[in-house]
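Please look through the structure below with its sequence at hand; the paragraphs that follow lead from the overall fold to individual side chains.

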Amino acid sequence: VYSIFICFDAPTKEEENSITYFNLTKDIKLGYNKYEEYDKVCIIVIYLGISNSNHELLRIIELLFTSELNANKILDSLHNEYGIKISKPFLQEVEEMCNLRERIEERGIRKGIEQGIKQGIEQGIVLQAYDSILNIMNSFNISFDQAVVALKLSDKMIEICRIKYECKNG
């Protein structure tokens, strides 16, 4: 069994553009000692880097998984730069992989937009609550604590507004 993990962001600068191989070995300390193959489970971790690699295999993986090129340009590059023959099944797999990459990217963009909208709404609500607190404080000449009681805000909203108030008013 081979498990291959392609990690687009290496955890450290030193691990960028590297391939790490892990495998199991049999180590009998006592008893039955017939040799069998125990190298059946292997894990390969490929760390891509920010900069392009000088290693041919890593460059091919970068081309397939991280490039902005469409399927036809990737196939041309694989054929022209690396001499890989492009069969119809291979063509279909590259096109499918490129479509998958685009779907993942689109999903990420959509998720980012949703998070941005949610954060914008939350910030707008906080600003509105904060402005209401200040207006009540000024209109009725009351303290921050009295104003938040009058507005019946949630504990979380009070905490956020209190931090903002204390930052601005020392």
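Read from the start of the sequence to its end, the protein follows the pattern β-β-β-α-α-α-α-α, and in this predicted model there are accordingly 5 helices and 3 strands. The radius of gyration is 29 Å, well over the 15 Å that the globule rule gives for 170 residues, so the protein is more spread out than a compact globule. Its C-alpha trace spans about 85 × 55 × 30 Å along the principal axes. Of the 170 residues, 24% count as buried, while the protein exposes about 13,100 Å², with carbon and sulfur atoms supplying 54% of that area. Among the contacts with a separation of 6 or more, 55% are accounted for by residues 24 or more positions apart.

Among the strands, strand 3, which covers residues 42–47, contains Tyr47. Tyr47 is buried, since its relative accessible area is 15%, which lies under the 20% limit used for that label. Once neighbours within four places in sequence are left aside, the contacts of Tyr47 are Cys7, Ala10, Pro11, Glu15, Glu16, Asn17, Ser18 and Thr20. A C-alpha separation of 9.6 Å between Tyr47 and Thr12 can be set beside their distance of 35 residues along the chain. Glu16, one of the residues in contact with Tyr47, also forms a salt bridge with Lys13, in which the closest N and O atoms are 3.5 Å apart. The two partners differ in their surroundings, for Glu16 is buried with a relative accessible area of 15%, whereas Lys13 is exposed with 59%.

A nonpolar patch on the surface is formed by Val1, Phe5, Phe22, Leu24, Val41 and Ile43, which together have about 560 Å² of accessible area. Phe22, one of these residues, belongs to strand 2, residues 18–23, and it counts as partly exposed because its relative accessibility is 45%.

Turning to the helices, the reader finds the largest nonpolar core, which consists of 12 residues: Val126, Ala129, Tyr130, Ile133, Ile136, Met137, Phe144, Ala147, Val148, Met157, Ile158 and Cys161. Helix 3 (88–140), helix 4 (144–151) and helix 5 (155–169) are the elements that give two or more residues to this core, and the largest share, 6 residues, comes from helix 3. Met137, a member of this core, is in contact with Ile142, Ser143, Phe144, Ala147 and Tyr165 when its neighbours within four places in sequence are left aside. Apart from this core lies another, made of 11 residues, among them Ile60, Leu63, Leu75 and Met97.

Leu63, which has just been named as part of that other core, is also in contact with Ser77, and beyond four places in sequence Ser77 touches Tyr82 as well. Ser77 has its place in helix 2, residues 71–82, and with a relative accessible area of 10% it is buried.

What joins helix 4 to helix 5 through charged side chains? The side chains of Asp145 and Arg162 meet in a salt bridge with an N to O distance of 2.7 Å, and because Asp145 lies in helix 4 and Arg162 in helix 5, the pair ties together parts that are 17 residues apart in sequence. Both ends of this bridge are partly exposed, Asp145 with a relative accessible area of 42% and Arg162 with 29%. The structure holds 2 salt bridges, the one between Asp145 and Arg162 and the one between Lys13 and Glu16 described above.

The loops between these helices deserve a separate look at the backbone. Asn141, in the loop between helix 3 and helix 4, has a positive phi of about 50° although it is not a glycine. Lys152, found in the loop between helix 4 and helix 5, likewise has a positive phi, near 55°, in a residue other than glycine. Asn141 is exposed, with a relative accessible area of 71%, and Lys152 counts as exposed at 74%.

Conventions. Residues numbered from 1 in each chain as written. Predicted model: local features only at pLDDT ≥ 70, side-chain atom pairs only at ≥ 80, totals over all residues. Heavy atoms only, no water. Patch = residues over 30% accessible without salt bridge, like charges linked within 9 Å, V, L, I, M, F, W, Y side chains within 5 Å. Areas by Shrake-Rupley, 256 points an atom, 1.4 Å probe, with all protein chains shown as cover. Salt bridge = Lys/Arg side-chain N within 4 Å of Asp/Glu carboxyl O. Helix = DSSP H or I, 4+ residues; strand = E, 2+ residues; numbered from the N terminus. Buried < 20%, exposed > 50% of the residue type's maximum accessible area, 1.4 Å probe, protein only. Rg over C-alpha atoms; globule rule 2.2 N^0.38 Å. Contact = heavy atoms within 4.5 Å. Core = buried A, V, L, I, M, F, W, Y, C linked by side-chain atoms within 4.5 Å.
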